[in-house]
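Good morning, colleagues. Please turn to the structure that I am about to show; I shall then take you through its packing.

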Amino acid sequence: MSYEARINSLKTRHARLDARIFDEDRRPLPDEGTIRRLKLEKLRVKEEIERLARLG
């Protein structure tokens, strides 16, 4: 998989995580643990995108 393809895949994953965070936050009783976990995963994906962008 090329750098561009991997970056695009990660961007898609990042957007999906963002949507899941938004959905969870809008629930009547959002699960803060779930939100925290999703935000951490989203941050890791963002860091990976930035790392690959520097290499490519």
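I shall describe the helix pair, then the core, and then several individual residues.

Please bear in mind that this is a predicted model. I begin with the general point that a pair of packed helices is described by the angle between the axes and by the distance between them. In this structure, helix H1 covers residues 3-26 and helix H2 covers residues 32-55. Their axes come within 9 Å, and the crossing angle is roughly 160°. An angle over 145 degrees counts as roughly antiparallel, and H1 and H2 are therefore roughly antiparallel to each other. As for handedness, the crossing of H1 and H2 is left-handed. The residues of this contact comprise 12 nonpolar, two polar and 13 charged.

Let me move to the core. Which residues form the largest nonpolar core? There are nine: Ile7, Leu10, Leu17, Ile21, Ile35, Leu38, Val45, Ile49 and Leu52. Each of the helices, H1 and H2, supplies at least two residues of this core. The most come from H2, which gives five residues.

Two members of the core deserve a closer look. Leu10 lies in helix H1. Leu10 counts as buried because its relative accessibility is 2%, where the cut-off for buried is under 20%. Setting aside neighbours within four places in sequence, Leu10 is in contact with Val45, Glu48, Ile49 and Leu52. Leu10 also has its C-alpha atom 7.8 Å from that of Lys46, although 36 residues separate the two along the chain. Leu17, with the same sequence neighbours set aside, is in contact with Leu38, Glu41, Lys42 and Val45.

I turn now to a charged residue. Is Glu24, in helix H1, buried or exposed? Glu24 is buried, at a relative accessible area of 10%. Beyond its neighbours within four places in sequence, Glu24 is in contact with Pro30, Asp31, Thr34 and Ile35. Of these partners, Ile35 is one of the nine core residues listed earlier.

Finally, I come to Gly56, in the segment after H2. With 76% relative accessibility, Gly56 counts as exposed, since exposed means over 50%. How far apart in space are Gly56 and Tyr3, C-alpha to C-alpha? The separation of Gly56 and Tyr3 is 6.1 Å, whereas in sequence they are 53 residues apart.

To close, the picture is one of two helices, H1 and H2, that are roughly antiparallel and that each supply at least two residues to the largest nonpolar core. Thank you for your attention.

Terms used: Residues are numbered from 1 along each chain as its sequence is written. This is a predicted model: local features need pLDDT of at least 70, side-chain atom pairs count only at pLDDT 80 or more; totals for chains, interfaces and linings use all residues. Side-chain values use heavy atoms; hydrogens and water are left out. Axes are lines fitted to C-alpha atoms, for helices over the stretch in contact, and angles run from 0 to 180 degrees between N-to-C directions. Helices (H or I, at least four residues) and strands (E, at least two) are DSSP runs, numbered from the N terminus. Angles under 35 degrees count as roughly parallel, over 145 as roughly antiparallel, 65 to 115 as roughly perpendicular and the rest as oblique. A crossing is left-handed if the near helix is turned anticlockwise from the far one by less than a right angle, and right-handed if clockwise. Ala, Val, Leu, Ile, Met, Phe, Trp, Tyr, Cys and Pro count as nonpolar, Asp, Glu, Lys and Arg as charged, and the others, Gly among them, as polar. A nonpolar core is a set of buried Ala, Val, Leu, Ile, Met, Phe, Trp, Tyr and Cys residues joined through side-chain atoms within 4.5 Å. Buried means under 20% relative accessible area, exposed over 50%, partly exposed in between (1.4 Å probe, protein chains only). Contact means heavy atoms within 4.5 Å.
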